[in-house]
Amino acid sequence: MTISDIDSKILWARAGGFCSAPECHNDLTFILESKNYHIGEMAHIIAKAKKGNRGVEGGGSNGYSNHILLCPTCHRKIDKSPDGHYSVELLHGWKREAENRIRTLCQKRKANSWQLFNLYININEAKKYFFEFENNPMSALIYGQNAYESVANILVNASHNILALGGVSEEVVACVDKLVESYNDLTWSEMEAKCHYILAKIEDEYSTGIDKKVIVLSGCYSDLRVKNALGKDYSIEIENFNSALNLLLDDEDSYISEELNKIRLNENHVSGNFSLEEALNDPNFRIIKKLDDRLKFLLKSL
């Protein structure tokens, strides 16, 4: 008896049509003008017979759980090796890792652009505030305890966005959780460094196609928001954000273009050259806040 048709399809689908050996990962399918073919071999992890490779009394099953998808070379290398060199546990580990890799890639391709956008904003804004707290000796007086608590809430939001996004590596999840747990124990510079590391990991994990453009937009938008909130010159950040959005959409969004023009008209606020009274009634802060709803609509439409 051989592996059933349904189990065969499951094995191929979960392995993505690639060899499951970690040093190989070769594509097992070929599409040609003359004829399509594959070289994949559905190898038993525990041999059907007791005397076979990794054999046991009664033999292994013919089901999905006892098979691993391999190329002919890896299959032959494993079966020709000395007994015990490729253990049952090792092959199950290969299979699990290969399937997890395909699953993770698929989750990334289906990434919710709005959640990815917010996750990157959360970490990037926290990083910039940590830098400000560390390097501005007047930060405690200027921003007060409420600002510190707000940044703590930003990190909590990052944890929520990771869960909603899915497909993020366990390392990134653990790093964000550690930031939340250690908020009162680490220095500002240590927190900033950890945020920098997390951002680099996210950029690496979402480094292609739309995801990459979403991250660029997120970075530009969070730069704009932080500079605005801190009362600093953000004239460059406005243009960077506009360029990143146009690159993502392959066109201008008329609503956001109009709102950015309104922001540019408030030159004193854009340049950070305003009085305390003006700072308490910043029209640009409200305009930028309003952009969130439009960005949410655009990113969820991708």
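**Close-up views of a predicted model**

**View 1. Confidence across the protein.** The mean pLDDT is 88 for the protein in this predicted model, and 93% of the residues reach at least 70. Broken down by element, helix H9 comes out with the highest mean, 96, while helix H12 (residues 276–279) has the lowest, at 61.

**View 2. The largest nonpolar core.** This core counts 55 residues, and the members that touch the most others are Phe241 and Leu295. Eight stretches chip in at least two residues each: H4 (113–135), H5 (139–165), H6 (170–181), H7 (188–205), H8 (209–229), H9 (235–249), H10 (254–265) and H13 (283–300). The top contributor is H4, which puts in eleven residues.

**View 3. Zooming in on Phe241.** Leaving aside residues up to four places away in sequence, who does Phe241 touch? Its partners are Leu217, Cys220, Tyr221, Leu224, Ile256, Leu260, Leu291 and Leu295. So Leu295 turns up here as a direct contact of Phe241, within the 4.5 Å cut-off.

**View 4. A second core, set apart.** Away from the largest core sits another one, made of 21 residues. Leu28, Cys71, Cys74 and Ile78 are among them. As a rule, nonpolar side chains in soluble globular proteins tend to be buried together.

**View 5. Aromatic company.** Six rings gather in one aromatic cluster: Tyr129, Phe130, Phe133, Tyr148, Tyr183 and Trp188. Counting ring centres within 6.5 Å of each other, the tally is twelve aromatic pairs.

**View 6. A lysine over a ring.** Here Lys95 lies over the face of Tyr64. How far is Lys95 from the ring centre? The distance is 3.7 Å.

Definitions and conventions. Residues numbered from 1 in each chain as written. Predicted model: local features only at pLDDT ≥ 70, side-chain atom pairs only at ≥ 80, totals over all residues. Heavy atoms only, no water. Core = buried A, V, L, I, M, F, W, Y, C linked by side-chain atoms within 4.5 Å. Buried < 20%, exposed > 50% of the residue type's maximum accessible area, 1.4 Å probe, protein only. Helix = DSSP H or I, 4+ residues; strand = E, 2+ residues; numbered from the N terminus. Phe/Tyr/Trp six-rings, centres within 6.5 Å; stacked < 30°, edge-to-face > 60°. Lys NZ or Arg CZ within 6 Å of the ring centre and 35° of its normal. pLDDT = per-residue confidence, 0-100.
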